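Please open the structure in your viewer, with the sequence panel beside it, and follow the stops below in order. Each stop names what to select and then describes what is there.

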Amino acid sequence: ACARARGTPAAKKRRGASEAGALASAGGGELGALARLAAEVAKLTLAHDLATNSVDARALDALITPLVGCNAAEAVDGAEEERALLAAAIGALAGALGGAGCARLHFELCQLSRDEAAAVRLQAVRALAALYATLGTDGAVHVAEVVPAVAELLEDADETVEAAARAFLKEVATATGEDVATLIKG
């Protein structure tokens with residue numbers, strides 16, 4: 001499932017065909033390939049311009065696209081351990097990027113929370129929870145974006161998604177110190 005997300009034309013174009021081919025043929029299963037992809041791209045992503053203190057956006061896109069895609073794919077096809085590892089990878093990346101630096105990652109996960117599949121919506125909430133657990137008060141910069149997206153899930157047809165959304169919003173309020181209840185009321 002993850003290989004599909006990594007193998008998209010856009011992802012290959014961003015990473016470069018030779019790098020994608022080397023990672024795909026390296027063996028070790030889906031999680032091994034994801035770990036190698038994350039390690040390789042993280043080297044590029046986190047090697048930033050010290051003069052501007054900015055991260056290479058192209059390299060960051062090369063990591064975010066397959067990582068979010070794998071979260072969606074593994075939500076449907078993967079085991080609980082794989083889903084937990086992918087959510088943890090989101091949290092680790094958010095920690096490396098900081099609150100303001102993970103805007104694109106945050107946006108993509110909010111979009112994922114609107115997926116048709118309940119399993120994907122649930123994984124999006126799990127990944128967002130990992131992001132906010134790592135960022136703490138630095139995540140406050142994204143609260144105005146995440147609350148409306150996840151508040152939609154408070155009336156989800158799937159009880160597990162609804163419960164996860166409710167718990168997540170409480171965690172966001174605690175982690176960031178933001179008044180989430182007021183944002184939900186609009």
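Begin by selecting arginine 166, which counts as partly exposed at 39% relative accessibility; bear in mind throughout that this is a predicted model. Now add glutamate 162 to the selection, and display both side chains: arginine 166 and glutamate 162 meet in a salt bridge, at 3.0 Å from N to O. The two residues are 4 apart in helix α10, which means that about one helical turn separates them. Glutamate 162, like its partner, falls in the partly exposed class, here with a relative accessibility of 24%.

**The chain as a whole**

Before going further, switch to a cartoon view of the entire chain. Its secondary structure comes to 11 helices and 0 strands, so a cartoon coloured by secondary structure will show helices and no strands, given how the elements are assigned. Of the 186 residues, 42% count as buried, and the chain exposes about 8900 Å², of which carbon and sulfur atoms supply 56%. Among the contacts with a separation of 6 or more, 64% are between residues 24 or more positions apart, and several of the stops below give examples of residues that come together from separate parts of the sequence.

**Further salt bridges**

How many salt bridges does a search of the whole structure find? The search finds 6, and one of them has already been visited at arginine 166 and glutamate 162.

Next, select glutamate 80 and arginine 83, whose side chains meet in a salt bridge at 3.0 Å, N to O. Both are in helix α6, 3 residues apart, and are therefore separated by about one helical turn. Are these two residues buried or exposed, or in between? Glutamate 80 counts as partly exposed at 41% relative accessibility, whereas arginine 83, at 16%, counts as buried. Extend the selection to Arg126, since a network of salt bridges links Glu80, Arg83 and Arg126.

Then move to aspartate 156 and arginine 121, which form a salt bridge at 2.7 Å, N to O. Aspartate 156 lies in the loop between α9 (143-151) and α10, while arginine 121 belongs to helix α8, so this pair ties together parts that are 35 residues apart in sequence. Both aspartate 156 and arginine 121 are buried.

**The aromatic pair**

A search of the whole structure finds 1 aromatic pair. To see it, select tyrosine 132 and phenylalanine 168, whose ring centres are 5.7 Å apart and whose planes stand at 75°, so that the pair is edge-to-face. Tyrosine 132 lies in helix α8 (residues 118-135) and phenylalanine 168 in helix α10 (residues 159-176), and the pair therefore ties together parts that are 36 residues apart in sequence. Both tyrosine 132 and phenylalanine 168 are buried.

Keep tyrosine 132 selected and show its surroundings: leaving aside neighbours within four places in sequence, its contacts include His106, Gly139, His142, Val143 and Val146, and also among them are Phe168, Val172, Ala175 and Thr176.

**The nonpolar core**

From the aromatic pair, widen the view to the largest nonpolar core, which has 43 residues. The residues with the most contacts inside this core are Leu105, Leu109, Leu128, Leu131, Tyr132, Val146 and Phe168, and selecting these seven together gives a convenient starting set. The elements that give two or more residues to the core are α5 (57-77), α6, α7 (103-112), α8, α9 and α10. Which element gives the most to this core? Helix α8 does, with 10 residues. In soluble globular proteins, nonpolar side chains tend to be buried together.

**Cysteines, and a place where two helices can be compared**

Select cysteine 102 and cysteine 110 next. Cysteine 102 is buried, with a relative accessible area of 0%, and cysteine 110 is likewise buried, at 1%. A search of the whole structure finds 0 disulfides.

Finish at alanine 88, which is found in helix α6 (residues 80-101) and counts as partly exposed at 44% relative accessibility. Add alanine 130 and draw a distance between the two C-alpha atoms: they are separated by 6.1 Å, although the residues are 42 apart along the chain.

How values were computed:
Residues are numbered from 1 along each chain as its sequence is written. This is a predicted model: local features need pLDDT of at least 70, side-chain atom pairs count only at pLDDT 80 or more; totals for chains, interfaces and linings use all residues. Side-chain values use heavy atoms; hydrogens and water are left out. Rings of Phe, Tyr and Trp (its six-membered ring) pair if their centres lie within 6.5 Å; planes under 30 degrees apart count as stacked, over 60 as edge-to-face and the rest as tilted. Buried means under 20% relative accessible area, exposed over 50%, partly exposed in between (1.4 Å probe, protein chains only). A disulfide is a pair of cysteine sulfur atoms within 2.5 Å. Contact means heavy atoms within 4.5 Å. Accessible areas come from the Shrake-Rupley method with a 1.4 Å probe; for residues, only the protein chains shown count as cover. A salt bridge is a side-chain nitrogen of Lys or Arg within 4 Å of a carboxyl oxygen of Asp or Glu. A nonpolar core is a set of buried Ala, Val, Leu, Ile, Met, Phe, Trp, Tyr and Cys residues joined through side-chain atoms within 4.5 Å.
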